[in-house]
Amino acid sequence: MSKKVIDLLNAARSREITAITQYMAQHYELEDQDFGKLASKFKEVAIAEMKHAEKLAERVLFLKGEPTSKPDGVAKKGQAIVDMLKTNIGLEATAIKMYNDASVVCASEKDQISKEIFEELLKDEEEHLSYFQNVKNHIDELGPAYLATLTG
Ligand SMILES: [Fe+2]
Ligand SMILES: [Fe+2]
């Protein structure tokens with residue numbers, strides 16, 4: 001089995017762990033600021049990333065590798081909501097680029113299953129990216145009126 005593929009799966013896992021840490025940190029901060037609706041959506045995305053991290057670890061184990069537990073970045077704290085969204089858009093966009101590239105390598109390494117895992121993750125990351133972008137656009141366009149709908 002390909003060491004290259006195992007490294008890509010682990011790199012993706014590190015990316016997922018960073019996203020989990022970031023989205024959970026934001027979830028707590030938003031909850032604390034009474035933006036309950038936004039907080040619970042961020043929590044939902046964090047849980048999706050946990051499932052991704054788990055799926056990647058299972059594949060690494062199947063390929064006889066060792067799943068990493070290291071994040072590839074540090075969660076930012078104390079950001080304004082618009083900056084949180086910018087951070088998240090960056091995380092999702094990077095993951096999308098990584099997973100698209102990884103799926104090409106998996107194909108050339110003739111590892112169809114790992115390729116399918118990256119493709120499955122990509123579908124979710126594109127949804128996450130689009131969600132964060134939509135919220136940011138609404139805030140840019142409507143400002144406090146829109147933010148008021150995210151409290152609770
Ligand atoms: Fe993910
Ligand atoms: Fe994501």
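Mentor: Before we start, a residue is called buried when its relative accessible area is under 20%, exposed when that area is over 50%, and partly exposed in between, with a 1.4 Å probe and the protein chains only. The structure is a predicted model, in which local features need pLDDT of at least 70 and side-chain atom pairs count only at pLDDT 80 or more, while totals for chains, interfaces and linings use all residues. Residues are numbered from 1 along each chain as its sequence is written, chains are lettered from A and ligands numbered from 1 in the order in which they are written, and side-chain values use heavy atoms, with hydrogens and water left out.

Trainee: Is Asp34 buried or exposed?

Mentor: Asp34 belongs to the loop between α1 and α2, where helices (H or I, at least four residues) and strands (E, at least two) are DSSP runs numbered from the N terminus. Because its relative accessibility is 51%, Asp34 counts as exposed.

Trainee: What is the phi of Lys110, which is not a glycine?

Mentor: Most residues other than glycine have a negative phi. Lys110, placed in the loop between α3 and α4, is exposed with a relative accessible area of 76%. Asp34 has a positive phi of about 70 degrees, and for Lys110 the phi is also positive, at about 60 degrees.

Trainee: Which helix gives the most residues to the largest nonpolar core?

Mentor: A nonpolar core is a set of buried Ala, Val, Leu, Ile, Met, Phe, Trp, Tyr and Cys residues joined through side-chain atoms within 4.5 Å, and the largest one here has 40 residues, of which Leu30, Leu38, Phe42, Phe118, Phe132 and Val135 touch the most other members. At least two of its residues come from each of α1 (3-32), α2 (36-62), α3 (81-108) and α4 (112-142). The greatest contribution, ten residues, is that of α3.

Trainee: How far apart are the C-alpha atoms of Leu30 and Thr151?

Mentor: Leu30 lies in helix α1 and, at 0% relative accessibility, counts as buried. Leaving aside neighbours within four places in sequence, Leu30 has contacts (heavy atoms within 4.5 Å) with Phe35, Gly36, Leu38, Ala39, Phe42, Ile81 and Met84. Thr151 is 121 residues away from Leu30 along the chain, yet their C-alpha atoms are separated by 9.0 Å.

Trainee: Which residue coordinates both the iron ion (ligand 1) and the iron ion (ligand 2)?

Mentor: Donors are N, O and S atoms within 2.8 Å of the metal (3.2 Å for Na, K and Ca), and sites may look incomplete because water is not among the atoms. The iron ion (ligand 1) is coordinated by Glu16 (OE), Glu16 (OE), Glu49 (OE), His52 (ND1) and Glu125 (OE), at 2.0 to 2.3 Å. For the iron ion (ligand 2), the protein donors are Glu49 (OE), Glu92 (OE), Glu92 (OE), Glu125 (OE) and His128 (ND1), also at 2.0 to 2.3 Å. The two ions are 3.8 Å apart, and the residue that coordinates both is Glu49.

Trainee: What spacing do the donors of the iron ion (ligand 2) follow along the chain?

Mentor: Glu49 in helix α2 and Glu125 in helix α4 are 76 residues apart, a pair that links distant parts of the chain. Glu49 is buried, at a relative accessible area of 1%, and Glu125 is buried as well, at 1%. For the iron ion (ligand 1) the donor residues are spaced E-x32-E-x2-H-x72-E, whereas for the iron ion (ligand 2) the spacing is E-x42-E-x32-E-x2-H.

Trainee: How much space lies in the largest cavity?

Mentor: On a 1 Å grid over the protein atoms alone, a cavity is a set of points where a 1.4 Å probe fits but cannot get out, and its lining residues have an atom within 4 Å of a point. Grid points are joined across faces, edges and corners, and a volume is the space filled by probe spheres set on the points. The structure holds one cavity of 30 Å³ or more, and the space in the largest cavity is about 50 Å³.

Trainee: How many charged residues are in the lining of the largest cavity?

Mentor: The lining consists of Arg15, Glu16, Ala19, Tyr23, Glu49, Leu91, Glu92, Ala95, Tyr99 and Glu125, with at least two residues from each of α1 and α3. Ala, Val, Leu, Ile, Met, Phe, Trp, Tyr, Cys and Pro count as nonpolar, Asp, Glu, Lys and Arg as charged, and the others, Gly among them, as polar. By class, the lining has five nonpolar and no polar residues, and the number of charged residues is five.

Methods
1 Å grid on protein atoms, 1.4 Å probe; cavity = no way out; pocket = protein on both sides within 12 Å on 5 of 7 lines; lining within 4 Å.
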